[in-house]
Amino acid sequence: MPNGKVLTGVESMRMTNAYTSALCAAAVLTAVAAAPATAQNFTNPGTIDIIDDAETTSDINVTGVTGNVTGLTLSLNGLTHTYPDDLVFGVYNASQDLGFVFFSGVGGRADISNVTLSFSDFAAFPAPRSFVGNTELVSGTYLPSNYLDFSFTSAGNATSFSDFLSGDVNGLWTLIAIDTVPADTGSIANGWSLNFTTSAAPAVPEPATWGMMILGFGMIGAAARRRKVKTSVRFA
């Protein structure tokens with residue numbers, strides 16, 4: 001009998017079964033992937049009058065935020081002021097006893113009127129620093145911009161918005177607006193807002209779904225066993 005290579009049916013089935021199992025595992029992982037990110041927005045639309053050389057506050061009560069919080073954006077909706085460099089803005093979360101100053105030394109001396117400013121850790125650049133280059137403050141989304149290093153004296157101090165996300169974001173949030181020098185005034189016409197980006201935990205299949213998966217794997221195994229007949233082909 002001539003010598004030659006032997007390809008057995010058993011070895012062929014082992015390769016096919018391994019490939020089929022990998023595909024099924026990938027399908028299961030896809031089925032339990034996390035749901036798409038969603039956004040939850042909370043707004044206090046009341047006008048905030050910025051009192052000259054004084055502090056003003058405004059509250060938002062956040063409720064019902066669930067899932068994994070991955071981002072936070074704070075917006076000032078319609079800011080007007082005759083000397084933006086006077087302004088300092090911070091936010092305080094009562095349930096975490098944590099504060100964050102995100103605006104100081106911004107905008108210089110040029111008047112601003114009805115601009116909407118959003119602040120996020122994921123913005124491309126900070127707000128324009130006062131008296132450095134072009135300091136015109138226009139509507140847009142900015143990185144936190146605390147150039148003068150203001151801080152809270154009676155609460156913990158966050159270094160970014162992300163610091164709030166490791167705790168419970170539900171509860172009372174307070175915006176603090178401070179005019180630090182006499183002679184100029186302003187307002188935030190449409191209040192302020194907090195926007196939370198959340199992603200749901202990976203979906204867990206219901207028991208019936210698990211049953212179908214187990215049945216599916218069992219059927220694949222049974223089919224493989226039925227087909228596992230040893231055959232051989234010789235090549236001269």
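**Figure 1. Surroundings of Trp-173 in the predicted model.** Leaving out residues up to four places away in sequence, Trp-173 touches twelve residues listed here in groups. Ser-58, Asp-59, Ile-60 and Val-62 are among them. So are Leu-72, Val-91, Tyr-92 and Asn-93. Phe-164, Trp-192, Leu-194 and Phe-196 complete the list.

**Figure 2. The largest nonpolar core.** This core holds 38 residues. Phe-89, Phe-102, Trp-173, Trp-192 and Phe-196 touch the most other members. Strands that each supply at least two residues include S3 (48-50), S4 (55-62), S5 (68-81) and S6 (87-93). Strands S7 (98-104), S8 (112-120), S12 (171-179) and S14 (192-199) each supply at least two residues as well. S5 gives the most, with five residues. A second core is separate and has five residues. Val-88, Val-101, Phe-152 and Ala-155 are included in that second core.

**Figure 3. Phe-164 in its loop.** Phe-164 is found between S11 and S12. Its relative accessibility is 0%, so Phe-164 counts as buried. Beyond four places in sequence, Phe-164 touches Leu-72, Val-91, Asn-93, Gln-96 and Leu-98, among others. Its contacts also include Gly-99, Phe-100, Ala-158, Val-169 and Trp-173. Gln-96 is 68 residues away along the chain. Even so, the C-alpha atoms of Phe-164 and Gln-96 are separated by 7.8 Å.

**Figure 4. Ring pairing of Phe-102 with Phe-119.** The whole structure contains twelve aromatic pairs. A pair of aromatic rings is described by the distance of the centres and the angle of the planes. For Phe-102 and Phe-119, the ring centres are 5.1 Å apart. Their planes meet at 50 degrees, so the pair is tilted. Phe-102 belongs to strand S7 and Phe-119 to strand S8. The two residues are 17 residues apart, and the pair links distant parts of the chain. Both Phe-102 and Phe-119 are buried.

**Figure 5. Ring pairing of Phe-102 with Phe-161.** Here the ring centres lie 6.0 Å apart. The planes are at 40 degrees, so this pair is tilted. Phe-102 sits in strand S7, and Phe-161 in the loop between strand S11 (156-157) and S12. The pair therefore ties together parts that are 59 residues apart in sequence. Phe-102 has 0% relative accessibility and so counts as buried. Phe-161 is buried too, with a relative accessible area of 1%. Phe-102, Phe-119 and Phe-161 are among the members of one aromatic cluster. That cluster also includes Phe-89, Phe-100, Phe-103, Phe-125 and Tyr-142.

**Figure 6. The two faces of strand S4.** In a regular strand the side chains alternate between the two faces of the sheet. S4 shows such alternation. Thr-56, Ser-58, Ile-60 and Val-62 point to one face and are buried. Glu-55, Thr-57, Asp-59 and Asn-61 point to the other face and are not buried. S4 and S12 run antiparallel and are joined by eight bridges. Ser-58 has Leu-175 of S12 as its bridge partner.

**Figure 7. Thr-56 and its contacts.** Thr-56 lies in strand S4. Its relative accessible area is 13%, so Thr-56 is buried. A polar atom of the Thr-56 side chain lies 3.2 Å from the backbone oxygen of Asp-49. Neighbours within four places in sequence aside, Thr-56 is in contact with Ile-48, Asp-49, Ile-50 and Ile-51, among others. Further contacts of Thr-56 include Leu-175, Ile-176 and Ala-177.

**Figure 8. Positive phi at Asn-114 and Phe-131.** Asn-114 is in strand S8. Its phi is near 55 degrees, a positive value in a residue other than glycine. At 49% relative accessibility, Asn-114 is partly exposed. Phe-131 is placed in the loop between S8 and strand S9 (140-142). Phi of Phe-131 is near 65 degrees, again positive in a residue other than glycine. Phe-131 has 45% relative accessibility and is partly exposed.

**Figure 9. Stretches with pLDDT below 50.** The chain averages a pLDDT of 81, and 70% of the residues score at least 70. Over residues 209-220 the pLDDT is below 50. That stretch has nine contacts in the model beyond near neighbours in sequence. Residues 223-236 also stay under 50. For residues 223-236 the model has 22 contacts beyond four places in sequence.

Definitions and conventions
Residues are numbered from 1 along each chain as its sequence is written. This is a predicted model: local features need pLDDT of at least 70, side-chain atom pairs count only at pLDDT 80 or more; totals for chains, interfaces and linings use all residues. Side-chain values use heavy atoms; hydrogens and water are left out. A nonpolar core is a set of buried Ala, Val, Leu, Ile, Met, Phe, Trp, Tyr and Cys residues joined through side-chain atoms within 4.5 Å. Buried means under 20% relative accessible area, exposed over 50%, partly exposed in between (1.4 Å probe, protein chains only). Helices (H or I, at least four residues) and strands (E, at least two) are DSSP runs, numbered from the N terminus. Contact means heavy atoms within 4.5 Å. Rings of Phe, Tyr and Trp (its six-membered ring) pair if their centres lie within 6.5 Å; planes under 30 degrees apart count as stacked, over 60 as edge-to-face and the rest as tilted. A polar contact is a pair of N or O atoms within 3.5 Å; within protein, one must be able to donate a hydrogen and the other to accept it, and residues adjacent in sequence count only if both atoms are side-chain atoms. pLDDT is the predictor's confidence in each residue, from 0 to 100. Two strands pair if DSSP finds at least two bridges between them.
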